[in-house]
Amino acid sequence: MRVLIVGEVPFVDTLAGLCLAKNHKVDLFVADDLEGQETLDKMVRAASRCQIAIESLNDSRESKQWLVEGIEANISDEAILLVSALAASATEVASWTERPARVAGYGLLPPIAVTGLVEFAPALQTDFDTAARARRFWEELGFSVVRVPDGTGLVRPRMVCGLINETVQTMTAHNLSAEAADSAVQLGLNHPRGPLSWADEIGLDVVVGTLEGLWRAWGDERYHPAPLLRQKVYAGHLGRKAGRGFYDYDANAPRSSAS
Amino acid sequence: MPSATMIAIVGAGELGVEIAQAVALGGWPVVLHDTDESALRRAVGRISRRLEKAARLGRLSAQEARRARRVFTLSSDLAACAPAGLVIEAIQDRMGLKGALFQALDALVSPDAILATSTNTLSVTRLAAPTRHPQRVIGLHFPRPAHVMRLVEVVRTPTTRQDILDQAMLLVRGFAKTPLLVDDTPGLIVNRVAQAYFSEALRLLDGGGLDEATVDRLLEAAGFPMGPFRLMDFLGVDRVLEMTESLYEATFHVPRYRPQPRLQRLVEAGRIGRGNPLGGFFPAPPKDGS
(Lines give C-alpha, C1' and ligand atoms only; values in the text may rest on other atoms or scores of the structure.)
Protein backbone atom coordinates (compact mmCIF):
# COMPACT_ATOMS: atom_id res chain seq x y z
CA MET A 1 0.00 0.00 0.00
CA ARG A 2 1.10 3.57 -0.60
CA VAL A 3 0.93 5.69 2.55
CA LEU A 4 1.34 9.44 2.90
CA ILE A 5 2.39 10.57 6.38
CA VAL A 6 2.49 14.28 7.24
CA GLY A 7 2.89 16.04 10.56
CA GLU A 8 5.28 16.38 13.47
CA VAL A 9 8.12 14.40 15.01
CA PRO A 10 8.12 11.95 16.82
CA PHE A 11 4.66 10.87 15.63
CA VAL A 12 5.29 10.78 11.87
CA ASP A 13 8.75 9.24 11.82
CA THR A 14 7.68 6.46 14.18
CA LEU A 15 4.61 5.73 12.04
CA ALA A 16 6.75 5.76 8.90
CA GLY A 17 9.07 3.20 10.46
CA LEU A 18 6.15 0.93 11.35
CA CYS A 19 4.73 1.25 7.81
CA LEU A 20 8.07 0.48 6.15
CA ALA A 21 8.41 -2.61 8.34
CA LYS A 22 5.13 -3.84 6.81
CA ASN A 23 6.40 -3.16 3.29
CA HIS A 24 4.15 -0.19 2.66
CA LYS A 25 5.53 2.48 0.33
CA VAL A 26 5.86 5.61 2.45
CA ASP A 27 5.98 9.30 1.57
CA LEU A 28 6.96 11.12 4.76
CA PHE A 29 6.78 14.89 5.24
CA VAL A 30 7.62 16.76 8.41
CA ALA A 31 5.27 19.75 8.78
CA ASP A 32 8.05 22.32 9.29
CA ASP A 33 9.50 21.50 5.86
CA LEU A 34 6.24 22.31 4.07
CA GLU A 35 7.00 26.00 4.31
CA GLY A 36 9.15 25.61 1.20
CA GLN A 37 7.18 25.59 -2.08
CA GLU A 38 9.24 22.79 -3.56
CA THR A 39 8.51 20.42 -0.64
CA LEU A 40 4.87 21.45 -0.69
CA ASP A 41 4.65 20.54 -4.39
CA LYS A 42 6.25 17.18 -3.65
CA MET A 43 3.71 16.56 -0.89
CA VAL A 44 0.83 17.38 -3.27
CA ARG A 45 2.18 14.91 -5.85
CA ALA A 46 2.61 12.23 -3.17
CA ALA A 47 -0.92 12.86 -1.93
CA SER A 48 -2.39 12.17 -5.35
CA ARG A 49 -0.69 8.72 -5.38
CA CYS A 50 -1.49 7.47 -1.86
CA GLN A 51 -4.20 5.04 -0.79
CA ILE A 52 -4.01 6.05 2.86
CA ALA A 53 -3.10 9.52 4.10
CA ILE A 54 -2.17 10.01 7.78
CA GLU A 55 -2.14 13.46 9.34
CA SER A 56 -0.54 14.28 12.68
CA LEU A 57 -0.23 18.02 13.28
CA ASN A 58 -1.53 19.30 16.59
CA ASP A 59 0.23 22.52 17.52
CA SER A 60 -2.87 24.56 16.69
CA ARG A 61 -6.26 24.23 15.06
CA GLU A 62 -5.28 26.69 12.34
CA SER A 63 -2.23 24.81 11.11
CA LYS A 64 -4.11 21.52 11.36
CA GLN A 65 -6.91 22.88 9.20
CA TRP A 66 -4.45 24.25 6.65
CA LEU A 67 -2.71 20.88 6.38
CA VAL A 68 -5.85 18.72 6.32
CA GLU A 69 -7.43 20.84 3.59
CA GLY A 70 -4.21 20.69 1.61
CA ILE A 71 -4.00 16.90 1.82
CA GLU A 72 -7.67 16.20 1.22
CA ALA A 73 -7.86 18.41 -1.87
CA ASN A 74 -5.18 16.28 -3.53
CA ILE A 75 -5.86 12.65 -2.57
CA SER A 76 -7.71 10.39 -5.02
CA ASP A 77 -11.35 9.38 -4.66
CA GLU A 78 -10.33 5.94 -3.42
CA ALA A 79 -8.01 7.19 -0.65
CA ILE A 80 -8.98 7.56 3.00
CA LEU A 81 -7.65 10.14 5.46
CA LEU A 82 -6.67 9.25 9.03
CA VAL A 83 -6.52 12.32 11.26
CA SER A 84 -4.97 12.67 14.70
CA ALA A 85 -7.73 13.73 17.11
CA LEU A 86 -5.57 15.63 19.62
CA ALA A 87 -6.01 19.35 18.90
CA ALA A 88 -9.51 18.85 17.47
CA SER A 89 -12.06 16.04 17.31
CA ALA A 90 -12.13 13.88 14.18
CA THR A 91 -15.64 15.14 13.54
CA GLU A 92 -14.48 18.76 13.53
CA VAL A 93 -11.53 17.89 11.30
CA ALA A 94 -13.82 16.00 8.91
CA SER A 95 -16.05 19.07 8.69
CA TRP A 96 -13.19 20.97 7.04
CA THR A 97 -13.02 18.50 4.15
CA GLU A 98 -14.97 18.10 0.91
CA ARG A 99 -15.75 14.45 1.61
CA PRO A 100 -15.98 13.95 5.37
CA ALA A 101 -17.24 10.35 5.02
CA ARG A 102 -13.71 9.15 4.21
CA VAL A 103 -12.09 10.72 7.29
CA ALA A 104 -11.48 8.71 10.50
CA GLY A 105 -9.77 9.74 13.74
CA TYR A 106 -7.04 8.07 15.77
CA GLY A 107 -4.96 8.89 18.83
CA LEU A 108 -1.37 7.94 19.59
CA LEU A 109 0.92 9.10 22.35
CA PRO A 110 4.70 8.73 22.46
CA PRO A 111 6.40 6.39 23.13
CA ILE A 112 4.36 4.94 20.27
CA ALA A 113 6.12 1.69 19.52
CA VAL A 114 6.11 0.63 23.14
CA THR A 115 2.48 1.15 24.05
CA GLY A 116 1.05 -0.98 21.25
CA LEU A 117 -2.48 0.40 21.49
CA VAL A 118 -4.07 2.85 19.10
CA GLU A 119 -7.22 4.73 19.99
CA PHE A 120 -9.59 4.50 17.06
CA ALA A 121 -12.34 7.09 16.75
CA PRO A 122 -14.55 7.27 13.67
CA ALA A 123 -16.02 10.75 13.17
CA LEU A 124 -19.79 11.18 13.14
CA GLN A 125 -19.52 11.49 9.33
CA THR A 126 -17.25 8.45 8.75
CA ASP A 127 -18.83 5.81 6.50
CA PHE A 128 -18.69 2.07 7.18
CA ASP A 129 -16.15 1.28 4.47
CA THR A 130 -13.71 3.96 5.69
CA ALA A 131 -14.00 2.82 9.31
CA ALA A 132 -13.39 -0.80 8.31
CA ARG A 133 -10.37 0.07 6.15
CA ALA A 134 -8.92 2.30 8.87
CA ARG A 135 -9.29 -0.37 11.54
CA ARG A 136 -7.70 -3.00 9.32
CA PHE A 137 -4.79 -0.68 8.52
CA TRP A 138 -3.99 -0.12 12.23
CA GLU A 139 -4.30 -3.81 12.99
CA GLU A 140 -1.98 -4.76 10.15
CA LEU A 141 0.60 -2.28 11.46
CA GLY A 142 0.63 -4.31 14.68
CA PHE A 143 -1.53 -2.15 16.94
CA SER A 144 -4.32 -3.35 19.20
CA VAL A 145 -7.22 -1.16 18.19
CA VAL A 146 -9.34 0.28 21.00
CA ARG A 147 -12.51 1.96 19.81
CA VAL A 148 -13.21 5.17 21.75
CA PRO A 149 -15.83 7.86 21.26
CA ASP A 150 -14.65 10.79 19.13
CA GLY A 151 -13.74 13.90 21.13
CA THR A 152 -10.78 16.25 21.34
CA GLY A 153 -7.78 14.49 22.87
CA LEU A 154 -9.58 11.12 22.98
CA VAL A 155 -8.52 9.28 26.18
CA ARG A 156 -4.78 9.04 26.72
CA PRO A 157 -3.64 12.33 25.19
CA ARG A 158 -6.34 14.10 27.19
CA MET A 159 -5.43 12.37 30.45
CA VAL A 160 -1.70 12.89 30.02
CA CYS A 161 -1.96 16.53 28.89
CA GLY A 162 -4.14 17.14 31.97
CA LEU A 163 -1.46 15.61 34.20
CA ILE A 164 1.20 17.71 32.51
CA ASN A 165 -0.78 20.94 32.91
CA GLU A 166 -1.40 20.39 36.63
CA THR A 167 2.23 19.40 37.20
CA VAL A 168 3.51 22.56 35.49
CA GLN A 169 1.20 24.74 37.59
CA THR A 170 2.24 22.94 40.78
CA MET A 171 5.91 23.17 39.88
CA THR A 172 5.79 26.93 39.32
CA ALA A 173 3.75 27.53 42.48
CA HIS A 174 6.33 25.63 44.55
CA ASN A 175 9.37 26.90 42.66
CA LEU A 176 10.51 23.37 41.92
CA SER A 177 12.96 22.18 39.30
CA ALA A 178 11.65 19.91 36.55
CA GLU A 179 13.55 16.98 38.07
CA ALA A 180 12.04 17.56 41.51
CA ALA A 181 8.50 17.76 40.13
CA ASP A 182 8.97 14.68 37.93
CA SER A 183 10.47 12.63 40.72
CA ALA A 184 7.68 13.68 43.12
CA VAL A 185 5.10 12.30 40.69
CA GLN A 186 7.06 9.13 40.00
CA LEU A 187 8.00 8.35 43.61
CA GLY A 188 4.78 9.65 45.19
CA LEU A 189 2.27 8.30 42.68
CA ASN A 190 4.11 5.50 40.85
CA HIS A 191 3.51 7.09 37.46
CA PRO A 192 5.58 5.45 34.71
CA ARG A 193 7.37 8.67 33.74
CA GLY A 194 7.62 12.22 34.97
CA PRO A 195 4.95 14.41 33.36
CA LEU A 196 7.51 17.04 32.31
CA SER A 197 9.84 14.60 30.64
CA TRP A 198 6.76 13.07 28.99
CA ALA A 199 5.76 16.54 27.76
CA ASP A 200 9.22 16.89 26.20
CA GLU A 201 8.69 13.59 24.34
CA ILE A 202 5.25 14.57 23.05
CA GLY A 203 6.29 18.12 22.16
CA LEU A 204 5.21 21.11 24.21
CA ASP A 205 3.46 22.64 21.18
CA VAL A 206 1.35 19.48 20.85
CA VAL A 207 0.53 19.56 24.58
CA VAL A 208 -0.58 23.20 24.29
CA GLY A 209 -2.52 22.48 21.06
CA THR A 210 -4.34 19.58 22.74
CA LEU A 211 -5.16 21.63 25.85
CA GLU A 212 -6.46 24.50 23.72
CA GLY A 213 -8.65 22.08 21.78
CA LEU A 214 -10.05 20.73 25.06
CA TRP A 215 -10.60 24.25 26.28
CA ARG A 216 -12.64 25.05 23.15
CA ALA A 217 -14.63 21.85 23.53
CA TRP A 218 -15.45 22.08 27.24
CA GLY A 219 -14.94 25.70 28.29
CA ASP A 220 -13.41 24.47 31.55
CA GLU A 221 -10.48 26.37 33.11
CA ARG A 222 -8.72 23.08 33.85
CA TYR A 223 -7.69 23.00 30.18
CA HIS A 224 -6.25 26.50 30.12
CA PRO A 225 -2.58 25.87 29.31
CA ALA A 226 -0.25 26.79 32.16
CA PRO A 227 1.52 30.07 31.33
CA LEU A 228 4.96 28.42 31.53
CA LEU A 229 3.94 25.89 28.86
CA ARG A 230 3.05 28.71 26.47
CA GLN A 231 6.22 30.62 27.33
CA LYS A 232 8.30 27.59 26.41
CA VAL A 233 6.45 27.26 23.10
CA TYR A 234 6.98 30.97 22.32
CA ALA A 235 10.69 30.46 23.00
CA GLY A 236 10.86 27.44 20.71
CA HIS A 237 11.72 25.12 23.61
CA LEU A 238 9.37 22.47 22.27
CA GLY A 239 10.95 19.46 23.94
CA ARG A 240 13.18 16.67 22.73
CA LYS A 241 12.56 17.36 19.04
CA ALA A 242 13.89 20.92 19.51
CA GLY A 243 16.83 19.83 21.69
CA ARG A 244 15.36 21.71 24.60
CA GLY A 245 12.15 21.77 26.64
CA PHE A 246 11.86 21.23 30.36
CA TYR A 247 15.18 19.40 29.95
CA ASP A 248 18.15 19.91 27.63
CA TYR A 249 18.91 17.21 25.06
CA ASP A 250 22.10 18.53 23.51
CA ALA A 251 24.20 16.15 25.56
CA ASN A 252 23.31 12.47 25.67
CA ALA A 253 21.59 12.50 29.04
CA PRO A 254 18.66 14.87 29.70
CA ARG A 255 19.47 17.69 32.11
CA SER A 256 17.15 20.25 33.59
CA SER A 257 16.82 23.34 31.44
CA ALA A 258 18.19 26.51 33.02
CA SER A 259 14.97 28.51 32.70
CA MET B 1 19.52 15.05 65.48
CA PRO B 2 21.33 12.67 67.88
CA SER B 3 21.60 9.07 66.77
CA ALA B 4 19.69 7.88 69.86
CA THR B 5 16.61 9.92 68.92
CA MET B 6 13.31 8.31 69.65
CA ILE B 7 10.48 8.68 67.16
CA ALA B 8 6.88 8.65 68.32
CA ILE B 9 3.88 7.85 66.11
CA VAL B 10 0.53 8.93 67.51
CA GLY B 11 -2.43 6.99 66.13
CA ALA B 12 -2.40 3.29 65.22
CA GLY B 13 -4.95 3.45 62.43
CA GLU B 14 -4.05 2.28 58.93
CA LEU B 15 -1.93 5.34 58.12
CA GLY B 16 -0.18 5.36 61.51
CA VAL B 17 0.73 1.70 61.12
CA GLU B 18 2.08 2.22 57.61
CA ILE B 19 4.17 5.17 58.81
CA ALA B 20 5.40 3.24 61.85
CA GLN B 21 6.59 0.45 59.58
CA ALA B 22 8.34 2.91 57.24
CA VAL B 23 10.03 4.71 60.13
CA ALA B 24 11.13 1.47 61.79
CA LEU B 25 13.54 0.89 58.90
CA GLY B 26 15.51 3.94 60.06
CA GLY B 27 16.77 1.97 63.08
CA TRP B 28 15.70 4.54 65.68
CA PRO B 29 13.57 3.40 68.64
CA VAL B 30 9.88 3.91 67.83
CA VAL B 31 7.01 4.46 70.22
CA LEU B 32 3.60 3.73 68.77
CA HIS B 33 0.83 5.35 70.77
CA ASP B 34 -2.93 4.92 70.57
CA THR B 35 -5.53 5.26 73.30
CA ASP B 36 -7.05 2.01 72.03
CA GLU B 37 -4.92 -0.93 73.26
CA SER B 38 -6.50 -3.44 70.92
CA ALA B 39 -5.60 -1.18 67.97
CA LEU B 40 -1.98 -1.32 69.15
CA ARG B 41 -1.97 -5.10 69.34
CA ARG B 42 -3.47 -5.35 65.84
CA ALA B 43 -0.90 -2.85 64.58
CA VAL B 44 2.04 -4.95 65.73
CA GLY B 45 0.57 -8.05 64.12
CA ARG B 46 0.08 -6.20 60.85
CA ILE B 47 3.59 -4.76 60.83
CA SER B 48 5.18 -8.14 61.62
CA ARG B 49 3.26 -9.83 58.81
CA ARG B 50 4.20 -7.11 56.31
CA LEU B 51 7.87 -7.18 57.32
CA GLU B 52 7.94 -10.96 56.95
CA LYS B 53 6.37 -10.66 53.53
CA ALA B 54 8.87 -7.95 52.50
CA ALA B 55 11.72 -10.21 53.62
CA ARG B 56 10.22 -13.16 51.74
CA LEU B 57 9.96 -11.07 48.56
CA GLY B 58 13.56 -9.95 48.98
CA ARG B 59 12.69 -6.28 49.50
CA LEU B 60 14.34 -6.44 52.94
CA SER B 61 17.04 -8.68 54.29
CA ALA B 62 15.94 -11.03 57.06
CA GLN B 63 18.21 -9.10 59.41
CA GLU B 64 16.61 -5.75 58.52
CA ALA B 65 13.16 -7.20 59.09
CA ARG B 66 14.18 -8.63 62.48
CA ARG B 67 15.73 -5.34 63.54
CA ALA B 68 12.69 -3.35 62.41
CA ARG B 69 10.40 -5.59 64.49
CA ARG B 70 12.53 -5.02 67.59
CA VAL B 71 12.48 -1.20 67.60
CA PHE B 72 8.84 -0.87 68.70
CA THR B 73 7.46 0.11 72.07
CA LEU B 74 3.68 0.26 72.38
CA SER B 75 1.92 2.58 74.77
CA SER B 76 -1.63 3.72 75.37
CA ASP B 77 -0.25 6.57 77.50
CA LEU B 78 0.64 9.73 75.58
CA ALA B 79 3.34 10.47 78.19
CA ALA B 80 5.44 7.69 76.64
CA CYS B 81 6.07 10.12 73.73
CA ALA B 82 7.77 12.66 76.02
CA PRO B 83 11.41 11.68 75.24
CA ALA B 84 10.81 11.64 71.46
CA GLY B 85 12.87 13.88 69.17
CA LEU B 86 10.27 13.56 66.43
CA VAL B 87 6.55 13.03 66.91
CA ILE B 88 4.41 12.20 63.87
CA GLU B 89 0.70 12.36 64.45
CA ALA B 90 -1.55 10.18 62.29
CA ILE B 91 -4.91 10.48 64.00
CA GLN B 92 -8.22 11.27 62.29
CA ASP B 93 -8.02 14.16 59.85
CA ARG B 94 -10.12 16.58 61.92
CA MET B 95 -8.77 20.01 62.81
CA GLY B 96 -10.32 19.97 66.31
CA LEU B 97 -8.82 16.60 67.27
CA LYS B 98 -5.41 17.36 65.80
CA GLY B 99 -5.36 20.83 67.38
CA ALA B 100 -6.02 19.44 70.85
CA LEU B 101 -3.37 16.74 70.36
CA PHE B 102 -0.78 19.29 69.24
CA GLN B 103 -1.42 21.41 72.34
CA ALA B 104 -0.91 18.34 74.55
CA LEU B 105 2.24 17.27 72.70
CA ASP B 106 3.62 20.79 72.74
CA ALA B 107 3.49 20.78 76.55
CA LEU B 108 4.85 17.22 76.78
CA VAL B 109 7.95 17.02 74.59
CA SER B 110 11.17 19.04 74.79
CA PRO B 111 11.12 22.41 72.99
CA ASP B 112 13.74 21.07 70.54
CA ALA B 113 11.65 18.12 69.43
CA ILE B 114 10.00 18.23 66.00
CA LEU B 115 6.22 18.01 65.91
CA ALA B 116 4.94 16.69 62.59
CA THR B 117 1.45 16.16 61.25
CA SER B 118 0.78 13.60 58.55
CA THR B 119 -2.30 15.43 57.30
CA ASN B 120 -2.67 15.73 53.56
CA THR B 121 -5.66 18.03 53.68
CA LEU B 122 -5.48 20.39 56.67
CA SER B 123 -3.39 23.54 57.02
CA VAL B 124 -0.16 22.79 58.90
CA THR B 125 0.19 26.51 59.57
CA ARG B 126 -3.14 26.59 61.37
CA LEU B 127 -2.19 23.57 63.50
CA ALA B 128 1.14 25.18 64.39
CA ALA B 129 -0.08 28.67 65.26
CA PRO B 130 -1.68 28.02 68.69
CA THR B 131 1.31 26.00 69.99
CA ARG B 132 4.02 27.63 72.10
CA HIS B 133 6.74 26.71 69.62
CA PRO B 134 5.19 26.91 66.15
CA GLN B 135 8.66 27.12 64.59
CA ARG B 136 9.24 23.37 65.25
CA VAL B 137 6.00 22.25 63.63
CA ILE B 138 6.14 20.69 60.15
CA GLY B 139 4.07 18.45 57.92
CA LEU B 140 5.27 15.04 56.80
CA HIS B 141 3.01 13.77 54.04
CA PHE B 142 3.53 10.09 53.29
CA PRO B 143 1.71 9.16 50.04
CA ARG B 144 -0.24 5.92 50.54
CA PRO B 145 0.62 3.16 51.05
CA ALA B 146 3.18 4.88 53.25
CA HIS B 147 5.36 1.80 53.78
CA VAL B 148 5.65 1.34 49.99
CA MET B 149 5.83 4.76 48.32
CA ARG B 150 9.29 6.29 48.33
CA LEU B 151 8.41 10.00 48.52
CA VAL B 152 7.76 12.06 51.64
CA GLU B 153 6.64 15.68 51.28
CA VAL B 154 8.24 17.76 54.04
CA VAL B 155 5.92 20.70 54.60
CA ARG B 156 7.26 24.10 55.63
CA THR B 157 5.00 26.72 57.21
CA PRO B 158 5.85 30.44 57.16
CA THR B 159 7.21 30.05 60.73
CA THR B 160 9.14 26.75 60.50
CA ARG B 161 12.82 27.12 61.43
CA GLN B 162 15.39 26.12 58.81
CA ASP B 163 17.37 23.83 61.15
CA ILE B 164 14.14 21.95 61.96
CA LEU B 165 13.60 21.39 58.23
CA ASP B 166 17.21 20.28 57.76
CA GLN B 167 16.83 17.72 60.54
CA ALA B 168 13.54 16.49 59.14
CA MET B 169 15.07 16.00 55.68
CA LEU B 170 17.90 13.95 57.23
CA LEU B 171 15.49 11.80 59.21
CA VAL B 172 13.34 11.10 56.16
CA ARG B 173 16.45 10.00 54.25
CA GLY B 174 17.17 7.76 57.22
CA PHE B 175 13.82 6.01 56.60
CA ALA B 176 15.15 5.23 53.08
CA LYS B 177 12.65 7.71 51.61
CA THR B 178 13.20 10.67 49.29
CA PRO B 179 12.20 13.94 51.01
CA LEU B 180 10.84 16.85 48.99
CA LEU B 181 10.58 20.23 50.69
CA VAL B 182 7.29 21.98 49.82
CA ASP B 183 5.36 24.99 51.04
CA ASP B 184 2.19 24.57 53.06
CA THR B 185 -0.35 24.90 50.23
CA PRO B 186 -3.54 22.94 49.55
CA GLY B 187 -2.81 19.51 48.11
CA LEU B 188 0.97 20.06 48.19
CA ILE B 189 2.33 18.40 45.02
CA VAL B 190 1.30 14.79 45.06
CA ASN B 191 -2.38 15.28 45.83
CA ARG B 192 -2.81 17.94 43.17
CA VAL B 193 -1.41 15.69 40.48
CA ALA B 194 -3.32 12.69 41.89
CA GLN B 195 -6.60 14.58 41.66
CA ALA B 196 -5.81 15.55 38.05
CA TYR B 197 -5.52 11.83 37.24
CA PHE B 198 -8.81 10.98 38.97
CA SER B 199 -10.89 13.97 37.96
CA GLU B 200 -9.90 13.85 34.29
CA ALA B 201 -10.87 10.17 34.18
CA LEU B 202 -14.23 10.96 35.78
CA ARG B 203 -14.82 13.79 33.33
CA LEU B 204 -14.07 11.43 30.43
CA LEU B 205 -17.12 9.43 31.52
CA ASP B 206 -19.19 12.63 31.31
CA GLY B 207 -18.59 12.70 27.55
CA GLY B 208 -20.48 9.43 27.18
CA GLY B 209 -19.65 6.24 25.30
CA LEU B 210 -16.75 5.17 27.54
CA ASP B 211 -16.61 2.78 30.45
CA GLU B 212 -14.20 2.55 33.37
CA ALA B 213 -12.56 -0.66 32.17
CA THR B 214 -11.65 0.84 28.78
CA VAL B 215 -10.09 3.93 30.38
CA ASP B 216 -8.09 1.75 32.77
CA ARG B 217 -6.97 -0.57 29.99
CA LEU B 218 -5.68 2.34 27.90
CA LEU B 219 -3.73 3.90 30.76
CA GLU B 220 -2.32 0.63 32.05
CA ALA B 221 -1.08 -0.08 28.52
CA ALA B 222 0.71 3.29 28.68
CA GLY B 223 2.63 2.11 31.77
CA PHE B 224 0.48 3.27 34.69
CA PRO B 225 0.53 0.47 37.29
CA MET B 226 -3.17 1.03 37.90
CA GLY B 227 -5.77 2.80 35.78
CA PRO B 228 -7.57 5.66 37.55
CA PHE B 229 -10.70 3.68 38.44
CA ARG B 230 -8.85 0.63 39.75
CA LEU B 231 -6.61 2.98 41.73
CA MET B 232 -9.57 4.82 43.27
CA ASP B 233 -11.01 1.43 44.32
CA PHE B 234 -7.65 0.50 45.82
CA LEU B 235 -7.18 3.74 47.78
CA GLY B 236 -10.85 4.08 48.70
CA VAL B 237 -13.49 6.00 46.76
CA ASP B 238 -14.46 7.71 50.02
CA ARG B 239 -10.89 8.87 50.62
CA VAL B 240 -10.56 10.21 47.09
CA LEU B 241 -13.81 12.13 47.55
CA GLU B 242 -12.58 13.53 50.89
CA MET B 243 -9.31 14.55 49.30
CA THR B 244 -11.02 16.46 46.47
CA GLU B 245 -13.55 18.04 48.81
CA SER B 246 -10.85 19.39 51.08
CA LEU B 247 -8.73 20.55 48.14
CA TYR B 248 -11.72 22.37 46.68
CA GLU B 249 -12.53 24.05 49.99
CA ALA B 250 -8.91 24.91 50.81
CA THR B 251 -8.33 26.58 47.43
CA PHE B 252 -11.47 28.70 47.84
CA HIS B 253 -13.21 26.77 45.06
CA VAL B 254 -10.82 26.62 42.14
CA PRO B 255 -13.19 25.09 39.54
CA ARG B 256 -10.96 22.22 38.41
CA TYR B 257 -10.90 20.77 41.92
CA ARG B 258 -14.68 20.61 42.09
CA PRO B 259 -15.68 17.20 43.49
CA GLN B 260 -17.62 14.87 41.23
CA PRO B 261 -21.21 13.86 41.98
CA ARG B 262 -20.34 10.46 40.51
CA LEU B 263 -17.91 9.84 43.38
CA GLN B 264 -20.36 11.03 45.97
CA ARG B 265 -23.10 8.68 44.76
CA LEU B 266 -20.76 5.70 45.00
CA VAL B 267 -19.84 6.65 48.56
CA GLU B 268 -23.52 7.13 49.45
CA ALA B 269 -24.20 3.67 48.08
CA GLY B 270 -21.45 2.25 50.28
CA ARG B 271 -19.35 1.28 47.27
CA ILE B 272 -16.12 2.68 48.65
CA GLY B 273 -13.74 0.08 47.22
CA ARG B 274 -10.68 -1.07 49.21
CA GLY B 275 -11.91 -4.60 49.62
CA ASN B 276 -15.44 -3.61 50.65
CA PRO B 277 -17.86 -6.40 49.68
CA LEU B 278 -20.08 -3.91 47.82
CA GLY B 279 -17.12 -3.06 45.56
CA GLY B 280 -16.38 0.41 44.20
CA PHE B 281 -16.27 1.32 40.55
CA PHE B 282 -15.76 -2.38 39.94
CA PRO B 283 -17.25 -5.32 41.87
CA ALA B 284 -15.15 -6.49 44.82
CA PRO B 285 -12.76 -9.32 43.88
CA PRO B 286 -13.82 -12.66 45.35
CA LYS B 287 -12.10 -13.46 48.64
CA ASP B 288 -9.39 -16.13 48.56
CA GLY B 289 -10.71 -19.58 49.17
CA SER B 290 -14.36 -18.71 48.49
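Me: Let's start with the contact between the chains. How many residues of chain B are in contact with chain A, and how many of chain A take part?

Reply: Contacts here rest on C-beta atoms within 7 Å. In this predicted model, 34 residues of chain B are in contact with 35 residues of chain A.

Me: Which elements of chain B give two or more residues to that side?

Reply: They are β8 (178-183), α7 (190-206) and α8 (212-221) of chain B. With nine residues, α7(B) gives the most to the side that touches chain A.

Me: And what is the make-up of that side of chain B by class?

Reply: Nonpolar residues number 22, alongside seven polar and five charged ones.

Me: Now for domains. Where do the domains of chain A begin and end?

Reply: Domain bounds come from an automatic or database assignment. For chain A, domain 1 spans 2-147 and domain 2 spans 156-256. Their C-alpha centres lie 25 Å apart, and 15 residues of domain 1 are in contact with 13 residues of domain 2. The domain 1 side of that contact has eight nonpolar, three polar and four charged residues.

Me: Back to chain B, then. What does its secondary structure come to, and how compact is chain B?

Reply: Chain B has 11 helices and eight strands. Its radius of gyration is 20 Å, close to the 19 Å that the globule rule gives for 290 residues, so chain B is as compact as a globular protein of that length. Along the principal axes, its C-alpha atoms fill a box of roughly 60 × 45 × 35 Å.

Me: What share of chain B is buried?

Reply: Counting a residue as buried if 20 or more other C-beta atoms lie within 10 Å of its own, buried residues make up 46% of the 290 in chain B.

Definitions and conventions: Residues are numbered from 1 along each chain as its sequence is written. Chains are lettered from A and ligands numbered from 1 in the order in which they are written. This is a predicted model: local features need pLDDT of at least 70, side-chain atom pairs count only at pLDDT 80 or more; totals for chains, interfaces and linings use all residues. Two residues are in contact if their C-beta atoms, placed from the backbone, lie within 7 Å. Helices (H or I, at least four residues) and strands (E, at least two) are DSSP runs, numbered from the N terminus. Ala, Val, Leu, Ile, Met, Phe, Trp, Tyr, Cys and Pro count as nonpolar, Asp, Glu, Lys and Arg as charged, and the others, Gly among them, as polar. The radius of gyration is taken over C-alpha atoms; the globule rule is 2.2 Å times the number of residues to the power 0.38. A residue is buried if 20 or more other C-beta atoms lie within 10 Å of its own, exposed if 12 or fewer, and partly exposed in between; C-beta atoms are placed from the backbone.
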